[in-house]
Each structure stands twice: as C-alpha cells, then as structure tokens.
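Got the model open in your viewer? Here is a tour, stop by stop, with something to select at each one.

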Amino acid sequence: MIAPSSHQTWLFYSPLAQQAALLKDDLLDPVDQLLDDPALVDLVRQCLAKRSPRSTRTGRRGMAPDRLLRCCVMKHLKGWSFRDLERELRSNLGYRRFTRFDADITPEFTVFSRSFALLSPAVTAEIHQRVVSLACEYGVAQGEKIRTDTTVDMATLCYTSLSL
C-alpha cells in the first residue's frame, strides 16, 4: 500500500522540529521548493502504483511518494550510497526535515534500493521534463538542452537552476 504524503506530527517532536527548521543547507533548500510540486509527487505515486495490481489499497505500507522523491534527489545530490543515505537520515535532523521523515522511523538501505529501482527510465524522463518546465516557469533556466538518461542530471538541474 502506498503511504500517504501527509504525515501527522508527533507531540513530543515539536521542540526538535523547531530546532530542525533553523538548520539550513545551501544545497537542499532551493531544491525543497521545487519538490513541493504536486505533479512531481504524482508521477512517483503512479510509478509506485504499478508494482502490483492492488498495491494502492492493500498490503503493508511502503514509502510515501514525496519521501521517495526527496530521498532520491538527496542521495544523488550528495553522492551517497544507499548505506550512506540510511546512516545520514538517522543522524541528521536537517536531512530528516528535508525528506519529511521527521520523527518517523527511517527505512533500511535495502528499502531505498528496491524503492529507487521502481522509478523506471520513462518516469525519470517525465520527472526531468517537469523539472525543466518548473525551471522555465520560475525564470531560472531556458530549458533548451537537457540530458535525460540518468537521475543525477535531474538532481543537478534542480540545484543549478534554482541557485542561479
């Protein structure tokens, strides 16, 4: 089952959330605005729904689409392995805030590996197209040329286009 994108905040996490909001990351903060786009999250949700015929309604909860997208972008921007991603998410409040895990339990690296594999090259190309159109809307890039063969390019485009 696909987990919902909205998450209830824990009462006891509130003091930590206030402190986490003060942490800034020059690399991730510009990308944060871009990843709030509902069309990007919907692309990932549609890809997760194709896992099995009834995966949208039944089964155990998987990773939410917005979290998957944010973890994928952060992994590629930082150049981490799946094990590094797991370790950093467990230990860093700023990264937990960016990926929307906050006080929730973070998945193991094998979950990240299997979940990232669900994003097919076609979905990656669609995400790239959406990123380019958003960059054009914001007026930070013309979007004339883009490589769409890897996810790294999407993350690089997000960072370079929003930091201009």
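**Stop one: helix 4**

Begin with helix 4: 12 of its 14 residues are buried, so the rest of the structure largely encloses it. Buried here means under 20% relative accessible area, exposed means over 50%, and partly exposed is in between (1.4 Å probe, protein chains only). Helices (H or I, at least four residues) and strands (E, at least two) are DSSP runs, numbered from the N terminus.

Before going on, note that this is a predicted model: local features need pLDDT of at least 70, side-chain atom pairs count only at pLDDT 80 or more, and totals for chains, interfaces and linings use all residues. Residues are numbered from 1 along each chain as its sequence is written, and side-chain values use heavy atoms, with hydrogens and water left out.

Now select residues 65–78, which make up helix 4. The buried ones are P65, D66, R67, L68, L69, R70, C71, C72, V73, M74, K75 and L77. Try a distance between the end C-alpha atoms: they are 20 Å apart, in agreement with the 20 Å that 14 residues should span at 1.5 Å a residue. (The expected span is 1.5 Å times one less than the number of residues.) Step just past the helix and you land on G79, with a positive phi of about 70°.

**Stop two: K75**

Stay in helix 4 and pick K75. Is this lysine buried or exposed? Its relative accessibility is 11%, so K75 counts as buried. Show its surroundings: leaving aside neighbours within four places in sequence, K75 is in contact with W80, S81, F82, L85 and F116. Contact means heavy atoms within 4.5 Å. You can also draw a C-alpha to C-alpha line from K75 to E86; it covers 9.7 Å in space and 11 residues in sequence.

**Stop three: the nonpolar core**

Next, select L40, M74, L85, L89 and I127. Among the 32 residues of the largest nonpolar core, these touch the most other members. Such a core is a set of buried Ala, Val, Leu, Ile, Met, Phe, Trp, Tyr and Cys residues joined through side-chain atoms within 4.5 Å. At least two core residues come from each of helix 2 (29–34), helix 3 (38–49), helix 4, helix 5 (82–91), helix 6 (93–99), helix 7 (109–117) and helix 8 (121–138). Which helix gives the most? That is helix 4, with seven residues.

**Stop four: three helix pairs**

Show helix 4 and helix 5 together. Their axes come within 10 Å and cross at roughly 110°. That makes the two helices roughly perpendicular. To see the contact, display C71, M74 and K75 of helix 4 with F82, L85 and L89 of helix 5. Axes are lines fitted to C-alpha atoms, for helices over the stretch in contact, and angles run from 0 to 180 degrees between N-to-C directions. Angles under 35 degrees count as roughly parallel, over 145 as roughly antiparallel, 65 to 115 as roughly perpendicular, and the rest as oblique.

Keep helix 5 and add helix 7. This pair packs at an angle of about 120°, with axes 8 Å apart. Helix 5 is therefore oblique to helix 7. On the helix 5 side the contact uses F82, R83, L85, E86 and L89, and on the helix 7 side F109, F112, S113 and F116.

For the third pair, switch to helix 3 and helix 8, whose axes come within 10 Å and cross at roughly 175°. These two are therefore roughly antiparallel. Look for A39, L40, L43, V44 and C47 in helix 3 meeting V123, E126, I127, R130, V131 and L134 in helix 8.

**Stop five: the loop between helix 6 and helix 7**

Click on R100, in the loop between helix 6 and helix 7. R100 has a positive phi of about 70° although it is not a glycine. With 25% relative accessibility, R100 counts as partly exposed.

I105 is also located in the loop between helix 6 and helix 7. At 76% relative accessibility, I105 counts as exposed. From I105 to R90 is 8.2 Å, C-alpha to C-alpha, and 15 residues in sequence.

**Last stop: zoom out**

Colour the whole protein by secondary structure and you get nine helices and zero strands. Of its 164 residues, 41% count as buried. Of the contacts with a separation of 6 or more, 72% come from residues 24 or more positions apart.
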